[in-house]
Amino acid sequence: MAEQLIIFDTTLRDGEQSPGASMTKEEKLRIARQLERMRVDVIEAGFAASSDGDFQAVRAIASEVKDSIICSLARANERDISRAAEALQPASRFRIHTFLATSPLHMEKKLRMSPDQVYEQARRAVREARRFTDDVEFSPEDASRSDMDFLCRVLEGVIAEGATTINVPDTVGYAMPEGYAALIRELRERIPNSDRAVFSVHCHDDLGLAVANSLAAVKSGGARQIECTINGLGERAGNTALEEVVMAVKTRRDHFDLDVRVDTSQIVAASQLVSEITGFAVQPNKAVVGANAFAHASGIHQDGVLKARDTYEIMRAEDVGWSANRIVLGKLSGRTAFKQRLRELGVMMNSDAELNAAFARFKALADREAIVSDVALVALARQGEGVNSGSMHP
Ligand code: KIV
Ligand code: ZN
């Protein structure tokens with residue numbers, strides 16, 4: 001049997017750090033339920049000590065979501081760690097994720113701490129977190145710009161204190177795939193007790209390399225956890241996109257030889273829910289979840305796909321939740337079926353007038369194409385002004 005790749009979703013924590021993406025407790029709960037339905041291994045539900053609202057959201061998720069491990073971020077101090085533990089208490093399984101910066105720049109300018117102080121505080125934080133749970137993750141923030149010898153010393157120390165996951169963040173999106181993979185490999189080879197922890201990757205997309213860096217570190221560095229977000233939401237340019245890494249590992253199993261627990265048929269629903277709640281539209285040409293991701297416009301491509309789908313498709317739209325055949329919509333389909341399918345796809349309309357306008361666009365398209373795919377349906381519905389993030393028009 002192949003080894004498992006752990007999928008750690010941080011949409012509700014790092015994703016929420018995206019400017020303009022803050023969410024209410026109820027909105028976070030809706031997303032957490034969908035992540036559980038999708039069988040994500042770990043859900044980072046928030047940063048319990050950061051605000052009362054976040055504390056309540058972590059607690060609500062820990063109370064309700066039972067099939068995934070629920071995690072809270074905590075700075076490397078006693079108060080943050082005990083707040084995280086308190087919020088997580090109702091969970092069936094929980095993790096405390098504590099972090100402290102290790103790069104010279106962050107230690108000197110931000111923390112104003114010496115390397116020895118950082119080393120001691122990191123160890124203390126993990127020791128403290130282990131009082132509440134044996135599932136403790138440590139992140140040396142800005143790891144990709146840290147000194148290798150110092151990083152090895154800190155990570156050996158926190159593993160000795162009982163950290164079970166070592167997450168190596170490329171906090172500023174600075175790494176290149178080969179270098180980042182080599183970093184993870186070298187850490188695993190040099191740290192004497194590295195076999196007692198799972199190595200994890202956490203990449204930001206400032207140079208558009210978050211997915212590439214994460215996958216390189218899995219393939220060549222031996223990382224076995226990826227931290228990621230739905231639609232790549234996250235601080236600045238965002239994080240590694242969950243849908244992209246999951247589909248890469250599943251589609252190219254020949255290359256990765258790893259198992260992923262995620263139910264991929266829930267991916268599109270998760271993407272649309274996050275987009276609806278945050279108001280961040282998914283670009284049409286976004287991999288996997290964009291409205292055009294499975295659309296074939298050129299005649300040559302359409303001809304090829306009709307003869308043999310794999311001429312131009314490496315994944316099946318249905319496998320990620322673009323279900324094409326539950327209701328097959330064509331020119332004979334009525335307004336009710338149209339409305340029903342949009343509802344299933346999570347597309348919201350404001351009024352009858354807007355629904356009618358979308359239906360007219362659908363009829364025009366159906367006149368030209370025998371079957372209108374889910375992808376085309378979402379695209380034509382979103383051309384209207386009435387698509388919103390409120391409730392579906394009845
Ligand atoms: O990007 C980062 O370094 C983080 C850590 C808190 C894991 O989000
Ligand atoms: Zn981050």
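Is Cys 228 buried or exposed? In this predicted model, Cys 228 counts as buried, because its relative accessibility is 0%. Cys 152 counts as buried as well, with a relative accessibility of 7%.

Neither of these cysteines has a bonded partner, since a search of the whole structure finds zero disulfides, a disulfide being a pair of cysteine sulfur atoms within 2.5 Å. For Cys 152, the closest cysteine sulfur belongs to Cys 203 and is 18 Å away, which is too far for a bond. Cys 228 is likewise in no disulfide, and the cysteine sulfur nearest to it, again that of Cys 203, is 10 Å away.

From the cysteines, the path leads on to the metal site. The zinc ion (ligand 2) is coordinated by Asp 14 through OD and by His 202 and His 204 through NE2, at 2.0 to 2.1 Å, and along the sequence these donor residues follow the spacing D-x187-H-x1-H. Both His 202 and His 204 are buried.

The nonpolar interior comes next. The largest nonpolar core has 116 residues, and Phe 138, Ile 166 and Leu 187 are those with the most contacts inside it. Helix H6 (residues 148-160) supplies the largest share of this core, eight residues. Because domain 1 (3-278) and domain 2 (295-388) both give residues to this core, it lies between them. Leu 187, leaving aside its neighbours within four places in sequence, is in contact with residues including Met 148, Leu 151, Cys 152 and Leu 155, as well as Val 168 and Phe 199. Apart from the largest core lies another one, of five residues, among them Ile 6, Phe 8, Ile 69 and Cys 71.

How values were computed
Residues are numbered from 1 along each chain as its sequence is written. Chains are lettered from A and ligands numbered from 1 in the order in which they are written. This is a predicted model: local features need pLDDT of at least 70, side-chain atom pairs count only at pLDDT 80 or more; totals for chains, interfaces and linings use all residues. Side-chain values use heavy atoms; hydrogens and water are left out. Donors are N, O and S atoms within 2.8 Å of the metal (3.2 Å for Na, K and Ca); water is not among the atoms, so sites may look incomplete. Buried means under 20% relative accessible area, exposed over 50%, partly exposed in between (1.4 Å probe, protein chains only). A nonpolar core is a set of buried Ala, Val, Leu, Ile, Met, Phe, Trp, Tyr and Cys residues joined through side-chain atoms within 4.5 Å. Helices (H or I, at least four residues) and strands (E, at least two) are DSSP runs, numbered from the N terminus. Domain bounds come from an automatic or database domain assignment. Contact means heavy atoms within 4.5 Å.
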